[in-house]
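Here's a walk through the fold, starting with a sheet and working towards the core. Have the structure open as you read.

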Amino acid sequence: MLEGRKLELFESPVYAGECQNYDICEEICALAAEHEEQTKNLRLISDGWEAQARTDDKELRGKKGVTSHGTNDQLHLLEGWERPTNLIISMAKELLKHVDREHWYSSRAEIESMWYSMYPEGGYIPEHIHSNVAFSGVFYAKAENDAGSLVFHDPAWHLKSSVWVNDAPTQAITKRQLPVYTGVMLLFPGWLPHSTMPNNSGEDRVIVGFNLGF
Ligand SMILES: [Fe+2]
């Protein structure tokens, strides 16, 4: 018999693209900072995320990071956010052209919800999915070197890990880390579990997250 081979039958689709409009990236950072300044009861991230903690405490916000998710996830409808919204939907539509040949998804996509998150040094988001959403995305408005990768977790990790033998890791690589940088967008199915590594860049990491409707 010839040597056997491994067939990779299933994939988890993730789409990636960049914009070089760093003015809008800076604009998003300024808008997020302004919103954070004016908004009470913002939800914390890092280890505050799973505790569903909310606070007005500036020091705590600065230590763990904040998100407008849960307070305002309709940024696309806010005055002042028009340019970022246009950039994000147009980038998302470009990426969605890879989904199907007829561009069904690309032509119908609309932003259903949109929020920002600001990660200080050490800030991260624990693993989660976006329930009831076909496609979600993240746009990095600011991510310097070592800002912390985006980690995707194979949703079938427990099945694939069940054939683990000793310490042979080639059988079950169930996590993938993607490097992030200013201007990159990643689009993925809402069912795909994801998290981030801590931000170790020495500067804030600022993202806009969004869910699409069709
Ligand atoms: Fe997410």
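## The main sheet

Start with one pairing: Ser-113 has Asn-211 in strand 11 as its bridge partner. Keep in mind that you're looking at a predicted model. Strand 5 and strand 11 run antiparallel, joined by 9 bridges.

Zoom out and you'll find an open sheet of 8 strands, ordered 1-9-6-11-5-4-2-3, with antiparallel pairing. At the edges sit strand 1 (15-18) and strand 3 (54-55), each of which pairs on one side only.

## Helix 1 across the sheet

What does helix 1 lie across? Strand 2, strand 4 (66-67), strand 5, strand 6 and strand 11 are crossed by helix 1, which runs at about 95° to strand 6. The length of helix 1 checks out: its 17 residues should span 24 Å at 1.5 Å a residue, and its end C-alpha atoms are 25 Å apart, which agrees.

Which residues of helix 1 are buried? They are Cys-25, Ile-28, Leu-31, Ala-32 and His-35. These buried residues cover an arc of only 125° around the axis, so they sit on the same side of helix 1. Their cover includes helix 3, strand 5, strand 6 and strand 11. Turn to the face pointing away from the buried side of helix 1, and you meet the exposed residues Tyr-22, Asp-23, Glu-34, Glu-37 and Gln-38.

## The nonpolar core

In soluble globular proteins, nonpolar side chains tend to be buried together. Here the largest nonpolar core has 42 residues, and Ala-92, Tyr-116, Phe-139, Ala-141, Ile-207 and Val-208 touch the most other members. Elements giving two or more residues to this core include helix 1 (22-38), strand 6 (135-142) and strand 9 (184-189). The largest share, 6 residues, comes from helix 3.

Take Phe-139 as a way in: leaving aside residues up to four places away in sequence, Phe-139 touches Ile-88, Met-185, Ile-207 and Val-208.

## Strand 7 and its partners

Now over to strand 7 (residues 150-153). In a regular strand the side chains alternate between the two faces of the sheet. Strand 7 shows this alternation: Leu-150 and Phe-152 point to one face and are buried, while Val-151 and His-153 point to the other and are not.

Strand 7 pairs in the antiparallel sense with strand 8 (residues 175-178) over 4 bridges, and Val-151 has Gln-177 in strand 8 as its bridge partner. Strand 7 also pairs with strand 10 (residues 194-196), again in the antiparallel sense, over 3 bridges. There, Phe-152 has His-194 in strand 10 as its bridge partner.

Terms used: Residues are numbered from 1 along each chain as its sequence is written. This is a predicted model: local features need pLDDT of at least 70, side-chain atom pairs count only at pLDDT 80 or more; totals for chains, interfaces and linings use all residues. A nonpolar core is a set of buried Ala, Val, Leu, Ile, Met, Phe, Trp, Tyr and Cys residues joined through C-beta atoms within 7 Å. A residue is buried if 20 or more other C-beta atoms lie within 10 Å of its own, exposed if 12 or fewer, and partly exposed in between; C-beta atoms are placed from the backbone. Two residues are in contact if their C-beta atoms, placed from the backbone, lie within 7 Å. The expected span of a helix is 1.5 Å times one less than its number of residues. The arc is that of the directions from the helix axis to the C-beta atoms. Two strands pair if DSSP finds at least two bridges between them. Axes are lines fitted to C-alpha atoms, for helices over the stretch in contact, and angles run from 0 to 180 degrees between N-to-C directions.
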